[in-house]
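Below are some notes for a colleague who has the coordinates open. They take up one residue of the protein and then the surroundings of a nucleic acid strand.

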Number of protein chains: 2
Amino acid sequence: MREGNGKIRVIVAEDQGMVLGALAALLETEPDIAVCGKAANGREALTVIAKQKPDVLVTDIEMPEMTGLTLAAEVRQRHPQTRVVILTTFARPGYLRRALDAGAKGYLLKDRPAAELAEAVRRVHRGLRVVDPDLAAEAWDSGPDPLTERERQILWRAGEGKSSLEIAEELRLSEGTVRNYLSEAISKLGAANRIDAARIARAKGWL
Amino acid sequence: MREGNGKIRVIVAEDQGMVLGALAALLETEPDIAVCGKAANGREALTVIAKQKPDVLVTDIEMPEMTGLTLAAEVRQRHPQTRVVILTTFARPGYLRRALDAGAKGYLLKDRPAAELAEAVRRVHRGLRVVDPDLAAEAWDSGPDPLTERERQILWRAGEGKSSLEIAEELRLSEGTVRNYLSEAISKLGAANRIDAARIARAKGWL
DNA sequence: AATCGGACGTGACAGATGTCATGATTCTTT
DNA sequence: AAAGAATCATGACATCTGTCACGTCCGATT
């Protein structure tokens with residue numbers, strides 16, 4: 001958490017305290033890496049980065065306050081010298097695509113061996129990209145997000161168990177319009193009904 | 001991973017390789033704790049435990065091959081000298097109840113501070129119980145699982161987006177019966193529809 | 001022997017859902 | 001200026017869902 005005698009200076013952002021501490025401990029076992037800060041969400045991470053100006057940020061995606069994806073975009077704008085590695089549970093093509101669009105240099109899955117984390121940090125620090133190859137392939141042939149913003153809003157709410165009428169009132173639409181959007185989403189995703197459609201969209205990282 | 005000169009000997013089971021390695025690294029930083037084995041699922045954990053006879057097993061719940069809950073029950077039977085600490089993301093009353101029924105001595109959430117893990121291991125090793133207090137309170141007043149086995153089976157499939165007819169065919173029931181069970185589940189859970197019911201049941205740890 | 005809960009069924013009905021045709025409006029791109 | 005896409009709408013229709021009343025059968029408890 002202090003000086004870096006030529007070491008790669010890293011900040012870790014992750015909302016699960018236990019995992020945050022554990023990842024930091026893991027990186028600290030590497031002789032050429034120093035963890036110079038931790039954060040429990042995106043907003044916190046931005047503050048710490050402004051102070052520490054680290055070489056690399058390792059961040060989860062799903063966090064309160066500010067998503068890792070939003071965080072990556074902010075870091076690119078405000079602290080371009082800090083390279084971002086996304087570290088997440090989710091092998092979702094949509095997440096990968098958004099991460100790369102947001103300027104992330106690495107996308108790593110939590111179910112890979114622990115040794116890959118340090119290796120990814122080193123590579124990204126050297127200016128290389130690190131992307132899980134299987135996921136990259138899947139992202140390639142699963143195509144882009146076919147949903148419009150409205151469809152996404154409505155499908156999201158449908159997935160929470162809300163009825164067409166409830167969704168219509170919430171978004172100030174007519175019930176028929178909501179049913180139309182859902183019908184569109186169902187057909188675009190090749191789903192059998194709204195629940196199925198929400199599941200598929202979630203799995204792809206489109207919700 | 002080797003000798004334990006009076007140290008507490010611990011095995012960690014967790015399916016996400018990165019988290020597994022990180023948790024091990026975290027525990028290894030403690031002077032009185034030694035990690036003598038790792039496992040990526042329940043079955044693997046049983047093998048390692050038979051060899052190592054550790055003092056404490058720290059295990060996740062949701063793993064392939066064998067759940068942490070099943071694992072806890074097996075360990076109580078076959079290796080009663082090993083005490084079990086469940087370490088999970090999910091603050092679900094149903095999980096806690098099942099964990100305690102399975103003989104686990106500790107139930108810890110991954111979003112607690114990292115320092116609590118070592119402390120929990122020490123306490124459990126001393127014969128004490130460690131249960132997240134908030135979760136324990138919630139478990140107490142949320143009552144027991146109200147669903148019957150059939151209702152659970154059917155609600156699970158409904159949550160996957162299957163129609164009543166599909167579920168009926170899969171379970172060799174009439175469509176009307178499936179609708180009746182769903183109706184029962186919806187009313188027991190105070191839900192608005194099948195999607196809502198599945199959400200609630202999942203959140204409680206009953207699915 | 002009587003009671004109770006779980007599993008399973010039917011029939012009927014109202015309301016929710018999914019589909020389709022058809023159209024208006026607006027904004028962007030060619 | 002024309003074409004395309006996204007937003008929003010209506011009406012009509014068939015199907016799916018959720019509820020209720022009312023049963024049967026079985027195994028465990030009393």
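**Notes on the predicted model**

1. D132(B) has a relative accessible area of 7%, under the 20% limit, and therefore counts as buried. The model under discussion is a predicted one, and the points that follow should be read in that light.

2. As to its setting, D132(B) sits in the loop that links β6 (130-131) to α6 (133-141) in chain B. Its side chain comes to 3.1 Å from the backbone nitrogen of L135(B), and, leaving aside residues up to four places away in sequence, D132(B) is in contact with Y107(B), L109(B) and R112(B).

3. Turning to DNA strand D, the strand is surrounded by 17 residues, of which the closest are R150(A), S174(A), Y181(A), R179(B) and R194(B). By class, this surface is made up of three nonpolar, ten polar and four charged residues.

4. Helix α9 (175-189) of chain A and helix α9 (175-189) of chain B each provide at least two residues of the surface near DNA strand D, and α9(A), with five residues, contributes the most.

5. Among the atoms of DNA strand D that lie within 4 Å of the protein, 57% are sugar or phosphate atoms, while the rest belong to bases. On the phosphate side, a backbone N or O atom of S174(A) is placed 2.7 Å from a phosphate oxygen of the strand, and a side-chain N or O atom of S164(B) is 3.1 Å from a phosphate oxygen. On the base side, a polar side-chain atom of N180(A) is found 2.8 Å from a base oxygen of DNA strand D.

Key:
Residues are numbered from 1 along each chain as its sequence is written. Chains are lettered from A and ligands numbered from 1 in the order in which they are written. This is a predicted model: local features need pLDDT of at least 70, side-chain atom pairs count only at pLDDT 80 or more; totals for chains, interfaces and linings use all residues. Side-chain values use heavy atoms; hydrogens and water are left out. A residue is near a molecule or strand if one of its heavy atoms lies within 4 Å of it. A polar contact is a pair of N or O atoms within 3.5 Å; within protein, one must be able to donate a hydrogen and the other to accept it, and residues adjacent in sequence count only if both atoms are side-chain atoms. Helices (H or I, at least four residues) and strands (E, at least two) are DSSP runs, numbered from the N terminus. Ala, Val, Leu, Ile, Met, Phe, Trp, Tyr, Cys and Pro count as nonpolar, Asp, Glu, Lys and Arg as charged, and the others, Gly among them, as polar. Buried means under 20% relative accessible area, exposed over 50%, partly exposed in between (1.4 Å probe, protein chains only). Contact means heavy atoms within 4.5 Å.
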